[in-house]
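Here is a short tour for anyone about to work with these coordinates. Have the viewer open and follow along by residue number.

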Amino acid sequence: MTRITTYKDKKLLIIDDMPEMRSALRSQASSIGFEQISVCGNVRDALDTLRGGRFDVILCDYNLGPGTDGQQLLEHLRARRLISRGTLYIMVTAEKNYDSVITAAECLPDDYLLKPFTAETFRQRLERLLERKRRLARVDALQDAERWAEVVSACDEIIAARDRYLVDAMRIKGNALFMDGRYAEAEAFYREAIAMRPMPWARLGLARAQRQLGNNAARATLETLIAESPQLMAAYDLLGHVHADEGNTEAALRVLDSAAARSPRSLNRLRAIASVAEEAGDYARVQDSLDKVVRQTRHTPLRDPGDYARLGKALTVTDQADKALELVDDARSTFREDGGGPALAAIEALAHQRMGAPDKAAAALQRALDGDLGKLSPEALLTVANACLASGDSARGEELLKRAVQTNPEAKAVQLQVTRIMSEHGIADHAEKLVSDSVQEVVQLNNDAVRLGKEGRIGEAAAMLTAAADRLPGNLQIVANAAYALLVDMLASGSDATRLENARRFREHLRKESPGHRKLADIDALWARLQPEEGGG
């Protein structure tokens with residue numbers, strides 16, 4: 001039985017660029033019982049407000065003026081985990097725009113409200129949505145913590161109850177199986193779901209599982225899905241990746257272009273087009289896609305220095321080094337805190353190198369190398385490595401390429417980029433060896449640490465893993481192993497300030513980057529035993 005919600009304890013955030021609409025929405029919300037209401041007129045203020053505390057409901061207009069729209073804001077919030085799954089995100093849009101808005105959706109809001117609507121319509125919609133949130137609250141909390149095995153179990157309980165949230169639970173369970181790496185189980189589950197009813201999300205999940213299992217049927221599954229549900233943008237994106245996996249970049253770009261024509265403001269798709277085009281060596285296409293991204297995000301908090309760096313590289317490769325330098329200057333004013341970091345300094349170095357200014361190139365490259373390379377993504381590391389190779393510093397360049405591979409040894413896309421960069425600099429003959437040696441070094445490191453632990457030499461294992469974690473902070477498996485080994489060593493031989501600080505640092509880094517990491521619970525248990533007076537905090 002549905003229960004009536006009391007809204008006075010619920011926190012509501014209204015985001016709309018029109019002052020009169022903010023006032024009207026606030027008035028409607030107050031009339032149904034909301035007392036804790038915040039209003040924002042732009043994306044920047046909304047992000048600042050959300051960082052200051054959690055909200056139960058977000059009511060956001062689709063059109064937020066020039067730059068970012070409500071859909072892009074939602075994708076940004078979800079990707080950076082600025083809102084939990086327990087927060088309702090409701091998109092407000094004019095009826096005439098509804099079809100284009102929902103077609104363009106990459107990740108769906110909880111619901112849409114078509115203008116104009118009454119306070120009673122708002123209340124009825126909220127009742128239904130909040131009832132769903134209450135039923136799925138435990139599942140949502142487990143998803144936020146990335147505890148995927150427990151998500152599956154919690155969904156099974158709802159599925160067994162066979163209530164109105166059965167399909168919701170099935171959809172979440174399939175994704176949890178996938179996220180837990182249980183691809184064969186996910187494939188079987190999605191087939192069972194499709195046998196019940198040909199639901200688009202189940203076909204998409206089946207294709208995702210098939211792709212991970214190396215099953216060529218993924219392409220046919222997606223082509224069928226797109227024919228049946230041409231509005232499902234995620235299917236186009238996945239099919240593009242499948243074509244790219246097969247080395248058919250031309251087909252990948254055709255599919256992604258088709259999707260981009262349907263949702264031209266999708267930042268993620270424009271970035272995906274740029275990535276595939278880069279693999280194909282089509283830097284004019286890279287420039288076209290990323291120029292759109294940069295223009296859309298330039299004056300918004302959604303801007304990303306990585307977009308500027310990749311666009312700068314495309315400009316440099318296409319003999320537009322002067323425009324690349326202008327872009328770097330623009331980025332320096334846009335990213336005032338660090339000027340965009342080492343990746344942009346590396347692009348500046350490449351541009352000066354192309355323009356025949358080796359002294360300026362050397363100075364820019366040194367600024368890139370003086371930055372905190374440990375915090376760089378593999379993509380940014382590759383940019384700096386490329387600049388090193390262009391300057392003739394092959395030793396430093398290859399070391400950075402190696403680090404990029406070792407940050408995520410299973411990332412085939414990074415390995416392909418390393419091979420392409422080395423080919424561009426005439427050293428393709430040993431690209432395969434660099435990649436394989438880099439991967440094997442990480443495997444051997446973990447094997448050696450396990451061996452030392454079994455031999456009772458846990459202190460040596462902890463020291464080895466600490467050095468590796470400091471060199472490769474992006475490799476979370478090594479970071480987790482280092483924290484675990486340090487704690488085991490201190491429990492066995494006593495703690496000291498240095499090892500304790502390293503263990504704390506690695507534990508907090510892991511908690512921030514992957515709160516659902518499989519080893520985090522074991523690390524927390526050891527931490528609690530080591531510092532019982534802190535209650536494991």
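The notes below cover the nonpolar cores, an annotated aspartate, the cysteines and one buried threonine.

Please keep in mind that this is a predicted model. Its largest nonpolar core has 64 residues, and a search of the whole structure finds zero disulfides.

**Nonpolar cores**

- In the largest nonpolar core, of 64 residues, Leu400, Leu401 and Val418 have the most contacts inside it.
- Both domain 3 (231–303) and domain 4 (330–444) give residues to this core, so it lies between them.
- Apart from that core lies another, of 28 residues, which includes Leu465, Met490, Ala503 and Ile523.
- To see the surroundings of Leu401, leave out residues up to four places away in sequence: Leu401 then touches Leu382, Ala385, Leu389, Val418, Ile421, Met422 and Leu434.
- As background, nonpolar side chains tend to be buried together in soluble globular proteins.

**The annotated aspartate, Asp61**

- An unreviewed UniProt entry lists Asp61 under "modified residue: 4-aspartylphosphate".
- Asp61 is part of strand 3, which covers residues 57–61.
- Is Asp61 buried or exposed? Its relative accessibility is 5%, so Asp61 counts as buried, the cut-off being under 20%.
- Beyond residues up to four places away in sequence, Asp61 touches Ile15, Asp16, Gly70, Val92 and Lys115.
- There is also a polar contact to pick out: a polar atom of the Asp61 side chain lies 3.0 Å from the backbone nitrogen of Asn63.

**Cysteines without a disulfide**

- Why does Cys40 form no bond with Cys60? Cys60 holds the cysteine sulfur closest to that of Cys40, but the distance is 9.8 Å, which is too far for a bond; a disulfide needs the two sulfur atoms within 2.5 Å.
- Looking from the other side, Cys60 is in no disulfide either, and its nearest cysteine sulfur is that of Cys40, 9.8 Å away.
- Cys40 counts as buried because its relative accessibility is 3%.
- Cys60 counts as buried too, with a relative accessibility of 0%.

**A buried threonine, Thr383**

- Thr383 sits in helix 20, which spans residues 378–391.
- With a relative accessible area of 10%, Thr383 is buried.
- Which residues does Thr383 touch, not counting those up to four places away in sequence? They are Ala343, Ala346 and Ile347.

Conventions
Residues are numbered from 1 along each chain as its sequence is written. This is a predicted model: local features need pLDDT of at least 70, side-chain atom pairs count only at pLDDT 80 or more; totals for chains, interfaces and linings use all residues. Side-chain values use heavy atoms; hydrogens and water are left out. A nonpolar core is a set of buried Ala, Val, Leu, Ile, Met, Phe, Trp, Tyr and Cys residues joined through side-chain atoms within 4.5 Å. Buried means under 20% relative accessible area, exposed over 50%, partly exposed in between (1.4 Å probe, protein chains only). Domain bounds come from an automatic or database domain assignment. Contact means heavy atoms within 4.5 Å. UniProt positions are given in the numbering used here, feature names are shortened, and annotations may be inferred rather than shown by experiment. Helices (H or I, at least four residues) and strands (E, at least two) are DSSP runs, numbered from the N terminus. A polar contact is a pair of N or O atoms within 3.5 Å; within protein, one must be able to donate a hydrogen and the other to accept it, and residues adjacent in sequence count only if both atoms are side-chain atoms.
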